[in-house]
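Work through the exercises below with the structure in view. Each task is followed by a solution in steps.

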Amino acid sequence: MSKIKKIIDEVKEHNGTEVDLVDKAIVNILDVPGILSLQQITRLSLSHNKIVVIPPRIADLINLEILNLFNNHIEELPSSISTLPKLKILSVGMNRLDLLPRGFGAFPSLEVLDLTYNNLSEDSLPANFFCLGDTLRVLYMGDNDFVRLPPHFGLLKHLQILVLRDNDLIDIPKELGDLSRLKELHIQGNRLTVLPPELGNLDLVGSKQVFRGENNPWVTPIADQFKLGVSHVYDFLRSDMYKYLYNRHMSANPPPPDVTNDKSKKISRKR
């Protein structure tokens with residue numbers, strides 16, 4: 001703890017704006033003397049520790065722009081975190097979250113949100129989550145437990161990167177086709193068999209765009225197009241033939257594919 005105190009004292013002495021406490025075996029933020037009084041800091045890195053609880057007083061850091069809590073033992077976040085007025089980047093990936101707090105979507109400035117490697121599902125999102133659509137550009141939600149996505153995902157109009165890999169998704173809402181600014185979409189490693197034709201509205205073909213969809217149990221026509229390349233997938237999604245096949249497939253109301261998940265992934269996340 002003496003090394004940690006030295007870091008905090010130096011920030012105080014020089015009126016520093018960044019605090020780096022990565023991999024310091026911290027269990028409780030409140031045990032770090034004076035850290036929540038550093039209202040001038042803009043960046044706080046607490047990744048790779050053993051933090052379980054984030055105190056509501058985190059909201060006292062009113063100038064914080066970047067908060068990195070990646071790889072801790074956090075089970076819940078305080079609702080006050082969303083009142084941070086200048087926060088642009090929040091990383092809470094690789095924790096134990098199974099619920100986001102009420103009012104989480106109230107962040108006024110959040111642009112990048114990393115929720116990777118948690119235990120979140122569609123039931124984990126508060127009612128106002130999609131109010132983030134006014135500012136959010138990047139959303140990482142890979143390695144969680146989503147089975148379906150709410151159609152309200154279409155409200156995240158400013159998204160440029162959306163990562164949903166390695167969940168349990170059995171379908172994608174057509175409203176994702178409204179995300180006209182999207183440049184990267186990662187849906188690999190789910191339980192998807194078809195895609196809504198509306199996804200063909202997106203411009204995800206080219207050297208500056210990314211579309212990843214491997215390791216899904218696609219129906220044969222889509223699987224064949226993936227073998228040829230992403231551009232062929234998108235040409236197919238935009239075709240009248242695919243729209244006919246998709247409607248016929250959906251009207252048959254097929255059961256979700258029975259795919260054996262890699263349980264070790266989720267067990268290791270819960271540690």
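The exercises cover salt bridges, a surface patch and a pocket in this predicted model.

**Exercise 1. A link across the chain**

Task: Find which residue forms a salt bridge with Arg-43, and state where the two partners lie.

Solution:
- Step 1. The partner of Arg-43 is Glu-18, and their closest N and O atoms are 3.7 Å apart. The cut-off for a salt bridge is 4 Å, so the pair is counted.
- Step 2. Arg-43 belongs to strand E2, while Glu-18 belongs to strand E1 (residues 18-20). With their positions 25 residues apart in the numbering, the pair links distant parts of the chain.
- Step 3. Arg-43 has a relative accessibility of 33%, so it counts as partly exposed. Glu-18 has a relative accessible area of 49% and is therefore partly exposed.

**Exercise 2. Counting and grouping salt bridges**

Task: State how many salt bridges the model has, then describe the pair Arg-212 and Glu-214 and the network that includes Arg-165.

Solution:
- Step 1. The count comes to eight salt bridges.
- Step 2. In one of them, the side chains of Arg-212 and Glu-214 meet with an N to O distance of 2.3 Å. Arg-212 is partly exposed because its relative accessibility is 35%; for Glu-214, at 30%, the class is again partly exposed.
- Step 3. Asp-143, Arg-165 and Asp-166 are joined into one network by salt bridges that share partners.
- Step 4. Within this network, Asp-166 and Arg-165 meet at 3.3 Å, N to O. Asp-166 has a relative accessible area of 27%, so it is partly exposed. Arg-165 has 23% and is therefore partly exposed too.

**Exercise 3. A nonpolar patch**

Task: Name the residues that form the nonpolar patch on the surface, and decide whether Val-52 is buried, partly exposed or exposed.

Solution:
- Step 1. The patch is formed by Val-27, Val-52 and Val-53, which together have about 230 Å² of accessible area.
- Step 2. Val-52 sits in the loop between strand E2 (43-45) and strand E3 (66-68).
- Step 3. The relative accessibility of Val-52 is 32%, so Val-52 counts as partly exposed.

**Exercise 4. The largest pocket**

Task: Give the volume of the largest pocket and describe its lining by class.

Solution:
- Step 1. The largest pocket holds about 240 Å³ of space.
- Step 2. Its lining residues include Arg-148, Asp-171, Thr-193, His-249, Met-250 and Pro-254.
- Step 3. Sorted by class, the lining has seven nonpolar, three polar and two charged residues.

Conventions: Residues are numbered from 1 along each chain as its sequence is written. This is a predicted model: local features need pLDDT of at least 70, side-chain atom pairs count only at pLDDT 80 or more; totals for chains, interfaces and linings use all residues. Side-chain values use heavy atoms; hydrogens and water are left out. Patches are made of residues with over 30% relative accessible area and no salt bridge: like charges are joined within 9 Å, nonpolar side chains (Val, Leu, Ile, Met, Phe, Trp, Tyr) within 5 Å. Accessible areas come from the Shrake-Rupley method with a 1.4 Å probe; for residues, only the protein chains shown count as cover. Helices (H or I, at least four residues) and strands (E, at least two) are DSSP runs, numbered from the N terminus. Buried means under 20% relative accessible area, exposed over 50%, partly exposed in between (1.4 Å probe, protein chains only). On a 1 Å grid over the protein atoms alone, a cavity is a set of points where a 1.4 Å probe fits but cannot get out, and a pocket is an open set with protein on both sides within 12 Å along at least five of seven lines; lining residues have an atom within 4 Å of a point. Grid points are joined across faces, edges and corners, and a volume is the space filled by probe spheres set on the points. Ala, Val, Leu, Ile, Met, Phe, Trp, Tyr, Cys and Pro count as nonpolar, Asp, Glu, Lys and Arg as charged, and the others, Gly among them, as polar.
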